[in-house]
Every structure is written in C-alpha cells, then in structure tokens.
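User: Hi! Could you walk me through this model? I'd like to start with the pockets.

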Amino acid sequence: MTTAQILVTLGSIVLAALLALLMIPVLVWLERRVCGLIQDRPGPNRTNVFGFRLGGVVQSFADVVKLVTKEEYIPDHIRYGRWIFLLAPMITFASALLAFMVIPFADTVQVDGAALRIQGLPVSYGILWYLAIGSVGILGMVFGGWLSHNKYSLLGALRAAAQMISYELALGLGIISMILTYDTIDFNAMVQWQSGTFWGFIPAWGLFIQPFAAVIIIIALFVETNRAPFSVAEGESEIVAGFFTEYTAMKFAMYFMGEYVAMNTASAVIVTMFLGGYQLPWFSTAALLEHFRTVAGVLLLLVPVVMTLFILWMRRNNRVRLTLSTDGGRGRETRILTGVLIGTTLLIEAILLWLLLEPAGSIGASVAVPLLQIVIFVVKLMLVNLFIILIRWTLPRFRYDQVQVLGWRYLLPAALANLFVTSIIVAGVGS
Amino acid sequence: MNDTVKPTRITTVPRYGDQPADKLYLPAIYAGIKVTLGHFVRNVLDITAMETLEYPEEQPTDITSRYRGLHRLTHREDGSIRCVACFMCATACPAQCINIIATERTDGIDEKMPEIFAIDTLECVFCGMCVEACPCDAIRMDTGIFSVTGKTREDFVLQRDRLLSHTGAFETEQTRNKEASHD
C-alpha cells in the first residue's frame with residue numbers, strides 16, 4: 001500500500017470511531033435539550049468550562065466525569081459468574097460500536113489505482129455484518145439481567161430478549177425485501193443505487209421506492225435499540241431500571257452509552273438504506289465530480305448565508321431575559337464564538353475559492369467531494385437522530401403485551417406480505 | 001338478578017382506538033409530532049419565549065401574601081421585641097421545633113421576654129400554628145423567604161436576632177397600621 005492509501009484507510013477508521021463515540025455526549029445532550037424544549041423548559045444549560053456552555057453540551061462531559069469517578073459497587077449476592085456480570089455491559093457497548101463500522105460515509109475513492117471504501121471496516125457484506133453483530137448486543141443485556149440475581153433485572157432482560165426476538169423477524173424480512181430491491185448486501189452499493197431518480201424528479205431513495213418496508217424497518221429498529229415507545233426493557237414504575245438495576249458507575253454508563261451508540265447506528269442504517277446515505281439528492285458522485293466547480297460556487301454563496309443565520313440565531317438565543325442583571329457570561333461566550341465562527345467561515349470560503357480557481361485535473365475535487373459527502377451524511381444522521389428523539393418525547397410507551405401483539409400479529413405479516421409483493425415485482429422486472 | 005331492572009345513571013364512555021385509522025397508529029403519531037415539533041421549533045427560535053424562570057437569577061414574583069415563608073419576630077412601636085415569651089407558639093408547634101428560654105425584662109416596657117428564641121427549620125413543617133397561637137402578633141410567617149441554605153445543621157437553627165432582622169415582604173393593612181413608623 002502506498003502512503004496515501006494508508007492515510008485514507010486510517011482516516012476512515014478514525015472517522016468511524018469518532019462518529020460513533022463523539023456522538024454519545026452530543027446525543028445525550030440533544031435528548032435532554034430537545035426534551036426540555038418540547039416541554040417548554042430550557043434543559044441543562046448551566047454547566048460550563050471557563051464560561052463556555054456551548055448550549056449545555058458540556059453537561060454530558062461532566063456526567064461522564066461523574067460516572068467515571070463514582071464508586072463501583074457489586075452487590076454481595078452476585079456470587080456466580082461475576083466475570084460475565086462485569087463483561088456484559090462491554091458486550092452490549094462493543095456490539096453497538098462494531099455494528100456502526102460498516103456504514104459508508106462517502107463514496108469509494110480511487111487512491112493510486114485502488115478503490116478504497118470510506119468505512120470503518122471496508123467489507124462488502126455490510127448488512128450481514130450489521131445484523132450479526134448488532135444482535136449480539138442482546139446477549140450483554142441477558143447476561144447482565146440474569147447474573148444480577150434480581151427479579152427486576154431478570155424480568156427486564158427477559159423483556160428485552162423477547163421483544164428483540166419478535167422484532168428481529170420483521171426487521172430481517174424487511175431487510176430481505178430491501179436486499180431484493182437493491183440486489184446487493186453491500187451498504188455502499190445500496191447508496192449508489194439510490195443516487196438516481198425515478199419519474200424524472202423524485203430521488204430514488206429507499207423511502208420512496210419501498211415506503212412500506214421503510215415503516216416496518218424503522219419500527220423494528222426502534223424496538224431493536226430499546227427506544228421509546230418500545231422501551232419496555234426498563235420501566236421505573238414496573239421493574240425499576242430493568243436489566244441494569246444492579247449496575248453502578250461506569251458499568252451502568254456502558255449500557256447507557258451502548259444504548260445511544262445503538263441508536264446512532266440505527267439512524268445510520270436508516271440513512272443508508274432509505275435516505276440515500278451520503279448522496280446529495282439529484283447528484284450522484286460522478287455528477288458531483290463532473291460539475292465540481294458549480295457545486296463549489298454554490299457552496300461559496302451558501303456557506304456565509306448559513307453561518308450568518310446561525311450566528312444571528314446564537315446571538316438571539318444565547319442570552320437570558322432582558323430583565324435580568326447578569327447573563328452568567330453568555331455575552332462573552334457569544335462574542336468569542338461569533339469570532340470563531342466568522343474565522344471558520346472565512347477559512348472554508350478560502351478553501352472553496354481555491355477549489356474554484358485551481359487548475360483542472362488536480363487533486364482538489366477528489367478530496368473535497370468525499371468531505372462534502374461526509375458532511376451530508378452527518379447532517380442526515382443528525383436529522384434522523386432528532387426524529388428518533390422527537391418520537392420518544394411524543395409517544396407514550398406501549399404495554400409489554402401490546403409490544404408483542406404489534407410485533408407478531410401486525411408487523412410480521414406485514415413484513416411477509418411486503419416481501420411477497422417485492423419478490424413478485426422484482427421477478428417481473430427482472431424477467 | 002332480574003334482567004329487566006336496568007341500572008340507571010350509568011353513562012357509556014365512548015371508547016376510541018377501534019377504528020382502522022387508530023389501529024394504524026401512524027395518523028396519531030403524525031398528530032403528536034405536530035404538537036411536540038411545534039413547541040420545539042417555537043422554543044428553539046426564541047429561547048426567552050418559555051415561561052421557565054432562570055431560578056437563582058430570576059426570582060418568583062407570584063408569591064402571595066398568604067404564603068407561609070420563613071418566620072420573623074415582630075417589633076413594638078419603639079422597635080423592641082414584641083414577644084413576651086409566653087410559650088404559646090412552642091406549645092402549639094406540632095414539630096416541637098421552637099426553643100424558648102425566657103428572661104426578665106428590665107426596661108419597664110413589659111415583664112418578660114425571650115433570652116433565646118430559636119426555630120429549628122430542619123424540624124419545622126411550616127404549618128403556621130405558631131402564628132395562629134401567638135396572642136401578641138409577635139411571630140409571623142410573612143417574609144416571603146422560601147429558601148433556607150446553610151453548610152452545617154446549626155446554620156438552620158434560626159436564632160432570635162436573625163428572626164428579628166427579617167422584615168415582612170407584603171404590605172398588609174395590619175402592617176401599615178402597626179409598623180409604618182418603624183420598618
């Protein structure tokens with residue numbers, strides 16, 4: 001391998017790890033802030049480092065510090081299989097993290113004659129990997145709940161396992177229908193398939209091609225990640241904290257973070273399978289590379305507008321009511337952040353200008369297009385995450401038996417019917 | 001049971017959720033998201049639109065004069081302590097949090113006054129019985145103070161001088177008449 005190839009490979013691994021791990025504090029913060037704003041209260045907005053609140057995201061880091069320094073307590077009654085008890089949260093966390101590694105963040109790049117995937121794990125059987133590794137997470141929950149020697153933990157683990165099994169079927173059948181549609185098990189090939197349009201103007205996203213399968217898979221992924229309205233594995237009023245009742249400090253945090261990584265992974269799968277992945281609608285990678293100057297020109301105009309709007313929004317909202325005598329350092333923070341944002345904008349503008357004016361055939365476009373696609377992917381990912389969070393704070397939870405009824409009586413037949421119809425259509429189109 | 005006797009005054013509550021549209025859940029989810037997203041967008045666009053108080057900086061303004069806040073000992077017209085150490089409040093107190101030690105009053109205004117008058121706010125249930133019991137209007141709970149902080153348990157035992165230093169937060173007819181010239 002040449003140096004450039006090694007750099008690109010390492011870069012995509014680092015990117016995948018960062019996108020999975022750095023997303024945890026952001027998602028925890030997002031969950032709490034969005035919840036607060038929906039309920040007409042501000043949410044965590046006071047923790048700061050040297051006066052920098054960053055909208056409250058610092059709170060997540062403070063929480064992590066707290067959890068790391070907390071006392072690790074293992075109840076005396078846990079005598080058997082203590083090492084599995086300690087291993088269980090790591091299994092859940094690691095499986096959620098590893099399942100994320102097959103998501104493509106940008107199209108394959110040609111570096112020194114070799115096509116390199118921008119994935120954490122450059123494999124071509126992404127969906128199988130996701131299904132295989134993503135399902136291992138439940139083992140951690142079952143081990144944890146069982147070895148806690150606690151009724152509530154056992155019930156929680158039981159619920160988690162039962163709902164996982166009943167929805168894995170619908171998820172698998174839904175995914176099979178998507179595999180039939182795209183005729184591939186490779187996430188990247190799926191994204192490339194979605195780059196076209198049908199009827200001339202609708203982007204050929206999985207959401208528009210297979211809306212029925214999209215609904216089934218999204219519901220099944222909600223269950224898979226234990227998110228509300230299917231969060232029956234834990235319930236304060238019924239079974240305390242479910243399978244992690246006996247866990248403390250960082251062990252608990254492992255489960256907690258694993259949940260958010262799993263949610264992030266589910267969002268990434270939704271984006272990749274149904275929302276065109278890293279693709280800009282109506283622009284395939286080839287079209288981006290070909291009309292690169294136009295795209296750079298549009299971005300040159302768009303970036304300052306977006307940044308200005310953001311700065312105006314920040315200046316308007318990073319403050320307290322005018323009746324208050326002190327703003328807790330928010331004014332200073334706003335001024336400094338405004339400066340930083342303006343500097344960033346100027347830097348991006350300079351790079352775009354250079355891309356616009358550079359001689360044809362140089363390396364600029366082939367670096368900038370993957371970067372642009374990564375940005376698009378992250379934006380889509382965040383929007384889907386926001387949607388999942390919004391659902392949690394909108395809907396009441398299902399009862400446990402309702403979850404099972406929905407899974408077995410409605411979702412499974414629906415997935416089967418969808419698979420049947422999809423197969424007929426695919427066979428008809430293919431022949 | 002006789003089937004012909006119909007129970008009266010029983011209303012049938014309409015049940016929802018049996019229609020196909022309800023069973024599908026999706027219309028209800030759409031309606032719910034419309035509500036939550038509406039609140040979210042409104043608050044994101046203007047963070048000050050929320051009613052929530054930024055508490056330590058912003059203090060509540062809706063405390064009424066009937067609110068039972070921290071206690072205070074009132075003064076006479078000449079500014080001296082009104083309490084005559086009759087122990088009525090300590091007797092009435094269900095939490096037994098008032099500790100009074102009486103002493104002779106030598107300035108000729110009255111015969112008796114408290115040497116120590118301490119209220120343990122960690123024990124106090126803020127029921128207001130002491131105020132009701134007081135024959136001299138010497139103790140009141142109209143300070144409007146709702147937050148007591150301290151670093152040790154002793155900080156929460158309010159002594160006589162601290163209770164005397166509290167002022168009434170509300171302008172009542174009684175206050176105007178009795179204490180206009182002093183406070």
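Analyst: Happy to. In this predicted model, the largest pocket takes at least two lining residues from each of helix H2 (23-38), helix H13 (292-317), helix H14 (330-357) and helix H15 (364-392) of chain A, and also from helix H2 (26-45) of chain B.

User: Nice. Which helix gives the most to that lining?

Analyst: That would be H13(A), with seven residues.

User: And what is the volume of the largest pocket, and which residues lie nearest its centre?

Analyst: The space in it comes to about 1,700 Å³. The lining has 41 residues, and A:Trp29, A:Leu54, A:Gly55, A:Phe310 and A:Trp313 lie nearest the centre.

User: How does that lining divide into nonpolar, polar and charged?

Analyst: In the largest pocket there are 27 nonpolar residues, seven polar and seven charged.

User: OK, what about the second largest pocket? What's its volume?

Analyst: About 940 Å³. Its lining counts 31 residues, and those nearest the centre come from both chains: A:Ile219, B:Leu24, B:Tyr25, B:Leu26 and B:Ile29. Two or more lining residues come from each of helix H9 (211-224), H15 and helix H16 (400-430) of chain A, and likewise from helix H1 (20-23) and H2 of chain B.

User: Which of those has the largest share?

Analyst: H9(A), which supplies seven residues. By type, the second largest pocket is lined by 27 nonpolar residues, two polar and two charged.

User: Switching to enclosed space: how many cavities of 30 Å³ or more are there?

Analyst: Four. The largest cavity holds about 250 Å³ of space. It is lined by 22 residues, with A:Ala96, A:Gly134, A:Glu224, A:Thr225 and A:Ala262 closest to its centre.

User: Which elements give two or more residues there?

Analyst: In chain A, they are helix H4 (82-99), helix H5 (126-147), helix H6 (151-182) and helix H11 (249-274). H5(A) has the largest share, at seven residues. The lining is made up of eleven nonpolar, eight polar and three charged residues.

User: Tell me about H11(A). Is it mostly covered or mostly open?

Analyst: Mostly covered, with 22 of its 26 residues buried. Its length also fits a regular rise: at 1.5 Å a residue it should span 38 Å, and the end C-alpha atoms are 37 Å apart, which agrees. Just after this helix, A:Gly276 has a positive phi of about 75 degrees.

User: Now chain B. What does the fold look like, in order from the N terminus?

Analyst: The elements run α-α-β-α-β-β-α-β-β-α-α, so six helices and five strands by count.

User: How much of chain B is buried?

Analyst: Of its 183 residues, 30% count as buried. Among chain B contacts with a separation of 6 or more, 68% are between residues 24 or more positions apart.

User: One more: how many disulfides?

Analyst: Zero, over all chains.

User: Why does B:Cys89 have no bond?

Analyst: Because the closest cysteine sulfur, in B:Cys83, is 6.2 Å away, too far for a bond; the cut-off for a disulfide is 2.5 Å. B:Cys89 is buried, at 7% relative accessibility.

User: And B:Cys134?

Analyst: Its closest cysteine sulfur belongs to B:Cys136, 5.1 Å away, so that pair is too far apart for a bond as well. B:Cys134 also counts as buried, at 18% relative accessible area, since the limit is under 20%.

Conventions. Residues are numbered from 1 along each chain as its sequence is written. Chains are lettered from A and ligands numbered from 1 in the order in which they are written. This is a predicted model: local features need pLDDT of at least 70, side-chain atom pairs count only at pLDDT 80 or more; totals for chains, interfaces and linings use all residues. Side-chain values use heavy atoms; hydrogens and water are left out. On a 1 Å grid over the protein atoms alone, a cavity is a set of points where a 1.4 Å probe fits but cannot get out, and a pocket is an open set with protein on both sides within 12 Å along at least five of seven lines; lining residues have an atom within 4 Å of a point. Grid points are joined across faces, edges and corners, and a volume is the space filled by probe spheres set on the points. Helices (H or I, at least four residues) and strands (E, at least two) are DSSP runs, numbered from the N terminus. Ala, Val, Leu, Ile, Met, Phe, Trp, Tyr, Cys and Pro count as nonpolar, Asp, Glu, Lys and Arg as charged, and the others, Gly among them, as polar. Buried means under 20% relative accessible area, exposed over 50%, partly exposed in between (1.4 Å probe, protein chains only). The expected span of a helix is 1.5 Å times one less than its number of residues. Contact means heavy atoms within 4.5 Å.
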